[in-house]
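Let us walk through this fold together, going from single residues to helix packing and back again. Please keep the model open beside the text as you read.

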Amino acid sequence: MAARTRNKLGNNDSLQMDFEPAPHLNEGSIVDYELKTALSLQASMAQVLKKLKKKTSEDNVHKSRVALRRWFSVWSVMQEQGWNSDEFARKQIKPLRRLLKAMGALRDLDVCMGKAKALGCSDSLLKKLKRQRKKRERILTQLIDDVEPLGITDKIEIYLQKQAASLSAEGKATPFQVFNQYICTQEENVRKIALKAATPEDLHKTRLAIKKWRYLLTECLGLTNLTLVTAQTTLGELHDLDRLELILRENQESAEVLKALRLARADLFKQWMRCRDR
């Protein structure tokens, strides 16, 4: 079976050329494939979280966020396939989401600091952002101590192995059929919101939807699409500038800095439109 996705984010053409899924996607057990995929992502999470526990640096925070988001993109499918339980959601998934949120707050500030410096913002603002980062870093460090993420990743591995043994793949669709259904649904969601996205809030929602679509393609089918990479990156840059503009206004930064930001944003929005429509 050949897979098709759309060619433009905002229209009905195909994003990727037809391709034949690898044999293991059409012939293997969906339970075995989901288990293997989830354990691989779990191992990646454990590796980066170990580094994060030692040092909450900008790089470690970023890599940890990416690892957790990739995990949650696949888990969003698996939990609808019978892998979840109330206890697992409460004891393992909920603490990971709290950790992801705290890392997000710190990562957002790291990005704002970098862009504020590049725009030539005042020393007083940069010092203020630096103080805020230290505060958010302390919050993240305390949360890491509280939830013990490495213990969670160990428990996730044990749980997945046990849960896999209780799930039957008999009569179920192939891995490709299962994942392609979710990917196509996510694609349709992106296409709908991409056409209408105009406000910063809508553009941010579009970016998150594209990110999930991209991760599902990569983690579940082993595919990378450069159009999605470019779209996600461009919308991420837009979101960063929108968030930074609010900070600049609150701190009464100079008109020159605000003008430079708006010019940069205008260029990025044009890039997004070209990416969406090409």
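A residue counts as buried under 20% relative accessible area, as exposed over 50%, and as partly exposed in between. With that scale in hand, and remembering that this is a predicted model, we can begin with Ile-193. Ile-193 sits in helix H7, which covers residues 175-196. Its relative accessibility is 27%, so Ile-193 counts as partly exposed. What does Ile-193 contact, once its neighbours within four places in sequence are left aside? The partners are Lys-205, Thr-206 and Ala-209. Look also at Thr-230, which is 37 residues from Ile-193 along the chain; the C-alpha atoms of these two residues are 17 Å apart.

Helix H8 (200-221) is a good place to turn to next, through its packing with helix H2 (residues 30-54). The axes of H2 and H8 come within 10 Å and cross at roughly 115°. An angle of 65 to 115 degrees counts as roughly perpendicular, and H2 is therefore roughly perpendicular to H8. On the H2 side you will find Tyr-33, Thr-37 and Leu-41, which meet Glu-219, Cys-220 and Leu-221 of H8. Sorted by class, this contact of H2 with H8 has four nonpolar residues, one polar and one charged.

If you follow the chain on from H8, you reach the loop that leads to helix H9 (226-250), and Asn-225 is in that loop. Is Asn-225 buried or exposed? Its relative accessible area is 9%, so Asn-225 is buried. A polar atom of the Asn-225 side chain lies 2.9 Å from the backbone nitrogen of Thr-227.

At the other end of H9, the loop between H9 and helix H10 (255-277) holds Gln-252. Gln-252 is not a glycine, yet it has a positive phi of about 50°. With a relative accessible area of 71%, Gln-252 is exposed. Glu-148 invites a look as well: this residue, also not a glycine, has a positive phi of about 50°. You can find Glu-148 in the loop between helix H5 (123-147) and H6. Glu-148 is exposed, at 51% relative accessible area.

That brings us to helix H6 (residues 149-166) and its packing with helix H4 (residues 86-118). Their axes are 10 Å apart, and the packing angle is about 140°. Roughly antiparallel would need an angle over 145 degrees, so H4 is oblique to H6. The crossing of this pair, H4 and H6, is left-handed. H4 brings Phe-88, Gln-92, Pro-95, Leu-96 and Leu-99 to the contact, while H6 brings Pro-149, Ile-152, Lys-155, Ile-156 and Tyr-159. By class, the contact of H4 with H6 has eight nonpolar residues, one polar and one charged.

Our last stop is Asn-84, in the loop between helix H3 (58-78) and H4. How do its surroundings look? Not counting residues up to four places away in sequence, Asn-84 touches Trp-75, Gln-79, Ala-89, Tyr-159 and Gln-163. Among these partners is Tyr-159, which also belongs to the H6 side of the contact with H4. Asn-84 has 29% relative accessibility, so this residue counts as partly exposed. Finally, try the distance from Asn-84 to Gly-151: the two are 67 residues apart along the chain, and their C-alpha atoms are separated by 18 Å.

Conventions. Residues are numbered from 1 along each chain as its sequence is written. This is a predicted model: local features need pLDDT of at least 70, side-chain atom pairs count only at pLDDT 80 or more; totals for chains, interfaces and linings use all residues. Side-chain values use heavy atoms; hydrogens and water are left out. Axes are lines fitted to C-alpha atoms, for helices over the stretch in contact, and angles run from 0 to 180 degrees between N-to-C directions. Helices (H or I, at least four residues) and strands (E, at least two) are DSSP runs, numbered from the N terminus. Angles under 35 degrees count as roughly parallel, over 145 as roughly antiparallel, 65 to 115 as roughly perpendicular and the rest as oblique. A crossing is left-handed if the near helix is turned anticlockwise from the far one by less than a right angle, and right-handed if clockwise. Contact means heavy atoms within 4.5 Å. Ala, Val, Leu, Ile, Met, Phe, Trp, Tyr, Cys and Pro count as nonpolar, Asp, Glu, Lys and Arg as charged, and the others, Gly among them, as polar. Buried means under 20% relative accessible area, exposed over 50%, partly exposed in between (1.4 Å probe, protein chains only). A polar contact is a pair of N or O atoms within 3.5 Å; within protein, one must be able to donate a hydrogen and the other to accept it, and residues adjacent in sequence count only if both atoms are side-chain atoms.
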